[in-house]
Amino acid sequence: MKRVNQHLVFLMGLAFIWASLASAAHSATVEGVRLWRSPDSTRLVFDLNGPAEHTVFKLDNPSRLVIDIKASRFAARTTDLALSNTPVERVRHGAQQNGDLRIVLDLKEDVKPRSFALKRIDDKPDRLVVDLYDVQRQTVKTVESIIEETQTTSRRDIVIAIDAGHGGEDPGAIGPGRLYEKTVVLLIAKNLANIINAEPGYKALLVRDGDYYLSLGARPEKARQAHADLFLSIHADGFDNPKARGASVFTLSHRGASSKMASILASKENKSDLIGGVDRIDLSDKEDQLRKILVDLSMTRSMETSIDVGARVLNEMGRVTHLHSKRVESAGFAVLKSADVPSLLIETGFITNPTEAKNLNSLAHRTKLSKAIFKGIHDYFSEKPPEGSFLAWKKTWQRSY
Ligand SMILES: [Zn+2]
């Protein structure tokens, strides 16, 4: 027995020396790679077991993107990456003589690269994010065509921007059976969009329409660009206690939260950018500062609308699901912040509650929820239609005949 222990100590000693040598040679290991495709860009995320410096540059003939990571090695699979709909033909890697790791992306199309490091947070490790922006941007066209449509007709559609929370790197709350908030809310958003588009006088804009991450700033920005009349951010709550249940509706508050629950939820939702990945350079542009002044002017009006629509939506949702709070709550949600568009954050239920998770996972329940949300919206807009809209025209027409 004693001999065995001695052997064990010796082996452990060897393992320790080996491990120290290995870590001296390599400061980091790439342990995983994921790829997310959005309408205008491709995001590659490299999981690292610690922070590491990197550089990114392009090479021509043939077109390649080179990612050098200092003193690192590669221990990830690249074979399952879905490259078909992306500008990337192939991902290769090799060790440099100086001990650096070189990852090469063979490109099919020209891209504008951007890269940044994400520090470890919660259960996510240190990550290196490489965004490849398409040179021809398709989303801009989509937004422009909507603007054109809304501006050239005097009976314009009311535009409802629907933002499915989270996405890509950020799964949001996770329910039983690894049911992801990002998946469920995208299904609700699409369902709601179909209901809205089927109603004359309305048009829905899906802010996120696939499994990729959009920053909390980019989401309302899309709504603003499309001259949306209302911005909805759709979520499904998560909590440690599986008994927590019920839907709730939130507006933005600049002066603290309406309740402890609202405050906790806002700080949880606001962490999204750290998990999903945002290039900080993106956030500080001058145009944004200028807009803030303009936003303040229209804010009061927009807040009144938000609260009014919110109450009607909550009321309708209360007919089809349990409510967590019977009044519209408010807190400093980042996703509602930069919008000079009336905005609501809707928690459709607790994905961590087994019964509600089952409901959220069912098409029938999602349809009920979507119909209720739209009923609340329609209740507001048919009573107070925006000037120049089809609904405003219909209202005058109905009155004069
Ligand atoms: Zn959420």
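This report describes a predicted model, taking its zinc site, nonpolar cores, aromatic pairs and several individual residues in turn.

## Zinc site

The zinc ion has donors from four named residues: His-166 through NE2, Glu-181 through OE, His-235 through ND1, and Glu-269, which is listed twice through OE. The coordination distances run from 2.1 to 2.5 Å. Along the chain the donors are spaced as H-x14-E-x53-H-x33-E. Glu-181 belongs to helix α3 (residues 181-197) and Glu-269 to helix α5 (residues 260-270), and this pair links distant parts of the chain, 88 residues apart.

Glu-181 has a relative accessible area of 2% and is therefore buried, the cut-off being under 20%. Glu-269 is also buried, with a relative accessible area of 8%.

## Nonpolar cores

The largest nonpolar core contains 42 residues. Ile-160, Leu-232, Met-317 and Ile-377 have the most contacts inside it. Helix α3 gives the most to this core, with nine residues.

Outside its neighbours within four places in sequence, Ile-160 contacts Ile-196, Tyr-202, Lys-203, Ala-204, Leu-205, Leu-230, Leu-232, Ile-377 and Phe-381. A second core, separate from this one, has 31 residues, among them Trp-36, Leu-216, Met-303 and Val-335.

## Aromatic pairs

There are five aromatic pairs in the structure. In one of them, the ring centres of Tyr-202 and Phe-374 are 5.1 Å apart and the planes are at 80°, so the arrangement is edge-to-face. Because Tyr-202 is in strand β13 (residues 202-206) and Phe-374 is in helix α10, this pair ties together parts that are 172 residues apart in sequence. Tyr-202 is buried at a relative accessible area of 4%, and Phe-374 is buried at 8% relative accessibility.

Tyr-202 also forms an edge-to-face pair with Phe-381, at 6.5 Å centre to centre and 70° between the planes. Phe-381 lies in helix α10 while Tyr-202 lies in strand β13, so this pair ties together parts that are 179 residues apart in sequence. Tyr-202 and Phe-381 are both buried. Ring pairs join Tyr-202, Phe-374, Tyr-380 and Phe-381 into a cluster.

## Charges over rings

Two arginines have the charged end placed over an aromatic ring. For Arg-155 the ring is that of Trp-393, with the charged end 4.1 Å from the ring centre. For Arg-219 the ring is that of Tyr-213, at 5.2 Å from the centre.

Arg-219 is in helix α4 (residues 218-225), where it is buried along with Pro-220, Glu-221, Lys-222 and Ala-223. His-227 follows α4 and has a positive phi, near 50°.

## Arg-43

Where does Arg-43 lie? Its place is strand β2 (residues 41-48). Arg-43 has 10% relative accessibility and so counts as buried. A polar atom of the Arg-43 side chain lies 2.8 Å from the backbone oxygen of Gly-276. The backbone oxygen of Gly-277 is 2.9 Å from a polar atom of the same side chain, that of Arg-43.

Leaving out residues up to four places away in sequence, Arg-43 touches Arg-34, Leu-35, Trp-36, Phe-116, Val-129, Val-130, Asp-131, Tyr-213, Gly-276 and Gly-277. Two of the names in this contact list appear above: Trp-36 is included in the second core, and Tyr-213 carries the ring under the charged end of Arg-219.

## Two serines

Ser-330 is in strand β16 (residues 329-331). Its relative accessible area is 16%, so Ser-330 is buried. Not counting residues up to four places away in sequence, Ser-330 touches Phe-250, Thr-251, Leu-252, Ser-253, Gly-256, Ala-257, Ser-258 and Ala-262.

Ser-382 is in helix α10 (residues 363-383). Is Ser-382 buried or partly exposed? Its relative accessibility is 35%, so Ser-382 counts as partly exposed. The Ser-382 side chain reaches the backbone oxygen of His-378 at 2.5 Å. Leaving out residues up to four places away in sequence, Ser-382 touches Leu-391 and Lys-395. Ser-382 and Lys-395 are 13 residues apart in sequence, and their C-alpha atoms are 7.8 Å apart in space.

Terms used. Residues numbered from 1 in each chain as written. Heavy atoms only, no water. Helix = DSSP H or I, 4+ residues; strand = E, 2+ residues; numbered from the N terminus. Buried < 20%, exposed > 50% of the residue type's maximum accessible area, 1.4 Å probe, protein only. Contact = heavy atoms within 4.5 Å. Donors = N, O, S within 2.8 Å, 3.2 Å for Na, K, Ca; no water. Polar contact = N/O pair within 3.5 Å; in protein donor to acceptor, adjacent residues only side chain to side chain. Core = buried A, V, L, I, M, F, W, Y, C linked by side-chain atoms within 4.5 Å. Phe/Tyr/Trp six-rings, centres within 6.5 Å; stacked < 30°, edge-to-face > 60°. Lys NZ or Arg CZ within 6 Å of the ring centre and 35° of its normal.
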